[in-house]
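Here is a friendly walk through a protein model for someone meeting it for the first time. Take a look at the sequence and the picture, then read on.

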Amino acid sequence: MTTEKVDDSAPIAGTQSLDRALEVLVTIAESPQPGLTLAACSALLQYSKATTHRMLRTLVARDFLSYDEELGVYSLGVANLRLGSEYLRRIDLRRLAIPEMRDLVAETRETAHLATMSGTEVIYIEVVDSPEPVRIFSRVGDSVPAFATGVGKAILAWTPTEKLASRLPAEFVPRTENTLVTRDALLADLERTRERGYSIDNMENREGIRGYAAPIFDHSNQAVAAVSIAGPAARVTSASDEHLGPLVRETARQVSAMLGASPDAAALAFS
């Protein structure tokens with residue numbers, strides 16, 4: 001028995017009107033206020049005004065567009081908000097991040113972590129192990145002080161100043177001889193992190209372990225998590241900084257995009 005191959009790139013019969021309706025919907029969303037006129041929509045769709053009007057009227061009836069009779073323009077309707085809210089409600093950060101983390105591990109051969117903040121600590125919500133026989137050991141559910149870890153510093157670096165104090169401990173208890181133990185030292189490190197776009201854990205959480213982490217932003221351009229890689233300092237040396245750091249940063253950017261973050265979320269989050 002043979003299976004007929006389907007060419008997904010070929011246009012589907014009868015969908016041209018749907019495609020153009022979606023095109024005008026997206027264009028209206030991207031246009032400045034107050035919206036687009038019938039003439040502008042007609043020119044965009046390359047349909048007559050009568051045909052365009054019927055299409056727009058259908059979108060208005062389904063609340064995807066709103067029509068301002070006084071100004072004669074179409075703008076987004078409330079149905080888009082409902083769909084967007086439902087999409088955000090269903091987002092599973094861990095599910096979105098795992099494929100990107102696996103790709104990161106395949107490229108770097110070091111262990112990847114996904115973490116979120118809880119008070120002054122970060123909690124690992126996913127770990128993808130390195131394929132190397134000598135690797136670090138981490139478990140989902142482990143929590144560590146944010147100020148002493150790469151993932152923690154990545155989130156702290158993009159935490160608004162007015163919220164930062166609540167995410168720092170009353171006392172900076174060192175975990176290794178490299179742990180930053182003063183607020184000034186940490187703040188200086190967070191500034192360097194923002195400049196690079198990723199943090200460096202220089203054996204600050206565990207002896208002999210180095211790593212890199214970058215923030216993950218959500219649809220409101222807030223740092224809600226971080227992704228990292230870490231490994232033995234004998235492999236992950238300072239010579240790796242300019243190679244491995246940007247790889248982690250790019251992974252975080254890809255996950256952020258899937259969460260609806262703006263391309264310039266890193267700038268917007270701390271502006």
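What follows is a short tour of the sheets, a few helices and some single residues in this model.

Before we start, keep in mind that this is a predicted model.

**The three-stranded sheet**

Let's begin with an open sheet of three strands, arranged in the order β1-β3-β2 with antiparallel pairing. Its edges are β1 and β2 (65-68), each of which pairs on one side only. If sheets are new to you, the general idea is that strands pair through backbone hydrogen bonds, either parallel or antiparallel. Here, β1 joins strand β3 (residues 73-76) in the antiparallel sense, over two bridges. At this pairing you'll find Thr37 standing opposite Val73 in β3.

A helix goes with this sheet too: α1 lies across β1, β2 and β3, and runs at about 90° to β3. Between α1 (16-30) and β1 (36-37) there is a loop, and Ser31 sits in it. Is Ser31 buried or exposed? Its relative accessibility is 17%, so Ser31 counts as buried. The side chain of Ser31 also has a polar atom 2.8 Å from the backbone oxygen of Ile28.

**The six-stranded sheet**

Next comes an open sheet of six strands, in the order β6-β5-β4-β9-β8-β7, and the pairing is again antiparallel. On the edges are β6 (143-145) and β7 (199-202), each pairing on one side only. From one strand to the next, the twist averages 30°.

Let's zoom in on the β7, β8 and β9 end of the order. Strand β7 and strand β8 (residues 209-217) pair in the antiparallel sense over four bridges, while β8 and β9 pair in the antiparallel sense over nine bridges. Both pairs are hairpins: β7 and β8 have six residues between them, and β8 and β9 have five. Each turn has a residue with a positive phi, namely Met203 at about 55° in the first hairpin and Asn221 near 65° in the second.

Here are some residues that face each other across these strands:

| Residue | Partner | Strand of the partner |
|---|---|---|
| Ile200 | Tyr212 | β8 |
| Asp201 | Gly211 | β8 |
| Ile216 | Ala225 | β9 |

How many residues of β8 are buried? Nine of its nine are, so β8 is largely enclosed by the rest of the structure.

**Helix α6 and its surroundings**

Now for a helix that goes with the six-stranded sheet. Helix α6 lies across β4 (111-118), β5 (121-128), β7, β8 and β9 (223-232), and runs at about 150° to β9. This helix is mostly covered, with eight of its eight residues buried. Among them are Gly150, Val151 and Gly152, as well as Lys153, a charged residue by its side chain. At the start of α6, a side-chain oxygen of Thr149 reaches to within 3.0 Å of the backbone nitrogen of Gly152.

Helix α6 also meets another helix. The axes of α6 (residues 150-157) and α8 (residues 183-196) come within 9 Å, crossing at roughly 80°. The two helices are therefore roughly perpendicular to each other. On the α6 side, Lys153, Leu156 and Ala157 make the contact; on the α8 side, Leu186, Asp189, Leu190, Thr193 and Arg194 do. Sorted by class, this contact has four nonpolar, one polar and three charged residues.

**A closer look at Leu190**

One of those contact residues deserves a stop of its own. Leu190 is found in helix α8, and with a relative accessibility of 1% it counts as buried. Which residues does Leu190 touch, leaving aside its neighbours within four places in sequence? They are Lys153, Leu156, Ala157 and Leu164. Three of these names may ring a bell, since Lys153, Leu156 and Ala157 belong to the α6 side of the helix contact. As for Val151, its C-alpha lies 12 Å from that of Leu190, and the two residues are 39 apart in sequence.

Key:
Residues are numbered from 1 along each chain as its sequence is written. This is a predicted model: local features need pLDDT of at least 70, side-chain atom pairs count only at pLDDT 80 or more; totals for chains, interfaces and linings use all residues. Side-chain values use heavy atoms; hydrogens and water are left out. Axes are lines fitted to C-alpha atoms, for helices over the stretch in contact, and angles run from 0 to 180 degrees between N-to-C directions. Angles under 35 degrees count as roughly parallel, over 145 as roughly antiparallel, 65 to 115 as roughly perpendicular and the rest as oblique. Contact means heavy atoms within 4.5 Å. Buried means under 20% relative accessible area, exposed over 50%, partly exposed in between (1.4 Å probe, protein chains only). A polar contact is a pair of N or O atoms within 3.5 Å; within protein, one must be able to donate a hydrogen and the other to accept it, and residues adjacent in sequence count only if both atoms are side-chain atoms. Two strands pair if DSSP finds at least two bridges between them.
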